[in-house]
Amino acid sequence: MTTPPATPTARKRRRKTRTSNVNHRPPIIASGLKANELDLTPGKEHLVCPDCSTWVPITGMLGTPKLVPHHTGQSGTAGAHRCTGGTNRRVTLDVEVDAWRTKLIEAAPTTASRRATKVLRKPKTTQPPAASQMTPVSISAEQVRQAFQRHRQRCLACRGEATARDGEPLPCRDGERLAVTFLRLLRQEPKRQAIREVFARERQRFDRHYALAAPANRKSQWAAVLSKVQDADTRRAQLPAGDAPTEARNVPLDTLHPMRGNAN
């Protein structure tokens, strides 16, 4: 009976593997790696293997630096195999520890700026009505006068305190516009008041006419349907032709169901 081969798993490797074997591939240049792919902390030198993207310790720091034998994955994971391209590959450490730390610190803010920020949902605003659906509101002279007073309290030009370089007072277009609007509405106020009174009198007259005409209109409406109502009452009073109806409890069951009486 043939025993199936076991699935290879990554073994736990020693931190510093001492071996004289050297990979024939060109060495890895430390300056060509990114700052976050290299760790030059004294006694904890690591880098990311370019072949299997695994963090691998560097051995031989006092002689020939190279990567230790390693698997493509963490220890205990199934399906891992030995990284032949990166095992015992030489490393050229052409970067100083202080320069590497400075580069790593400078890259930290850049990495943080690329991180996704929290999404802030925009509040839902109500749909504004169309121009044809908007009801215009009339402005009275008193409202414009109050707005003009509030404007004068805040505006230096209206109070005469704002001057140009030659000492001339600066004009205020907004204050002038409010003053002209107030004078125009003040002149139109008697005419507008007369129009409002005419509309009020017409409304009262229409209400009185409707109140007086309502009983007559209701009487004519009843007269229009009176013939149909009388016809319905007459047909409802007529008796249908034939025998008078009898109660079902006084009628024998044999007469109601002839087939039931002949069943025997």
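Biologist: What makes the contact between arginine 205 and glutamate 202 a salt bridge?

Modeller: Their closest N and O atoms are 2.8 Å apart. The cut-off for an arginine nitrogen and a glutamate carboxyl oxygen is within 4 Å, so the pair qualifies. This is a predicted model, and the distance is computed from it.

Biologist: Where do arginine 205 and glutamate 202 lie?

Modeller: Both are in helix 3, residues 173-237. They are three residues apart, about one turn of the helix.

Biologist: Why is arginine 205 called partly exposed?

Modeller: Its relative accessibility is 48%. Buried means under 20% and exposed means over 50%, so arginine 205 falls in between. Glutamate 202, at 40%, is therefore partly exposed too.

Biologist: How many salt bridges are there by this rule?

Modeller: The count comes to ten. One of them joins aspartate 51 and arginine 25.

Biologist: How do you know that aspartate 51 and arginine 25 form a salt bridge?

Modeller: The closest N and O atoms are 2.9 Å apart. The limit is 4 Å, so the pair counts.

Biologist: What makes this pair a link between distant parts of the chain?

Modeller: Aspartate 51 is in the loop between strand 3 (46-48) and strand 4 (55-59). Arginine 25 is in the segment before strand 1 (28-29). The two are 26 residues apart. Aspartate 51 has a relative accessible area of 39% and arginine 25 has 27%, so both count as partly exposed.

Biologist: Which other side chain meets aspartate 51 in a salt bridge?

Modeller: Arginine 89 does, at 3.6 Å from N to O. Again the limit is 4 Å, so this is a salt bridge. Arginine 89 sits in the loop between strand 5 (66-67) and strand 6 (91-92), 38 residues from aspartate 51.

Biologist: Is arginine 89 buried or exposed?

Modeller: Buried. Its relative accessibility is 10% and the cut-off is under 20%, so the word fits. Arg25, Asp51 and Arg89 are linked in a network of salt bridges.

Biologist: Now the aromatic rings. How many aromatic pairs does a search of the whole structure find?

Modeller: One. Phenylalanine 206 and tyrosine 210 form this pair, with 6.5 Å from centre to centre and 25° between the planes.

Biologist: Why is the pair of phenylalanine 206 and tyrosine 210 called stacked?

Modeller: The planes are 25° apart. Stacked means under 30 degrees, so the name applies. The centres must lie within 6.5 Å, and theirs are 6.5 Å apart. Phenylalanine 206 and tyrosine 210 are four residues apart in helix 3, so about one helical turn separates them.

Biologist: What accessibility label does each of these two residues get?

Modeller: Tyrosine 210 is at 58%, over the 50% cut-off, so it counts as exposed. Phenylalanine 206 is at 48%, so it counts as partly exposed.

Biologist: Which residues form a nonpolar patch on the surface?

Modeller: Trp222, Val225 and Val229, with about 280 Å² of accessible area together. Valine 229 is in helix 3. A patch residue needs over 30% relative accessible area, and valine 229 has 37%, so it passes that test.

Biologist: Last, the sheet. What makes strand 2 and strand 5 edge strands?

Modeller: The open sheet has four strands in the order 2-3-4-5, with antiparallel pairing. Strand 2 (38-39) and strand 5 each pair on one side only.

Biologist: How do you know that strand 4 and strand 5 pair?

Modeller: They share two bridges, in the antiparallel sense. Pairing needs at least two, so they meet the rule. Lysine 66 in strand 5 is the bridge partner of threonine 59.

Notes. Residues are numbered from 1 along each chain as its sequence is written. This is a predicted model: local features need pLDDT of at least 70, side-chain atom pairs count only at pLDDT 80 or more; totals for chains, interfaces and linings use all residues. Side-chain values use heavy atoms; hydrogens and water are left out. A salt bridge is a side-chain nitrogen of Lys or Arg within 4 Å of a carboxyl oxygen of Asp or Glu. Buried means under 20% relative accessible area, exposed over 50%, partly exposed in between (1.4 Å probe, protein chains only). Patches are made of residues with over 30% relative accessible area and no salt bridge: like charges are joined within 9 Å, nonpolar side chains (Val, Leu, Ile, Met, Phe, Trp, Tyr) within 5 Å. Accessible areas come from the Shrake-Rupley method with a 1.4 Å probe; for residues, only the protein chains shown count as cover. Rings of Phe, Tyr and Trp (its six-membered ring) pair if their centres lie within 6.5 Å; planes under 30 degrees apart count as stacked, over 60 as edge-to-face and the rest as tilted.
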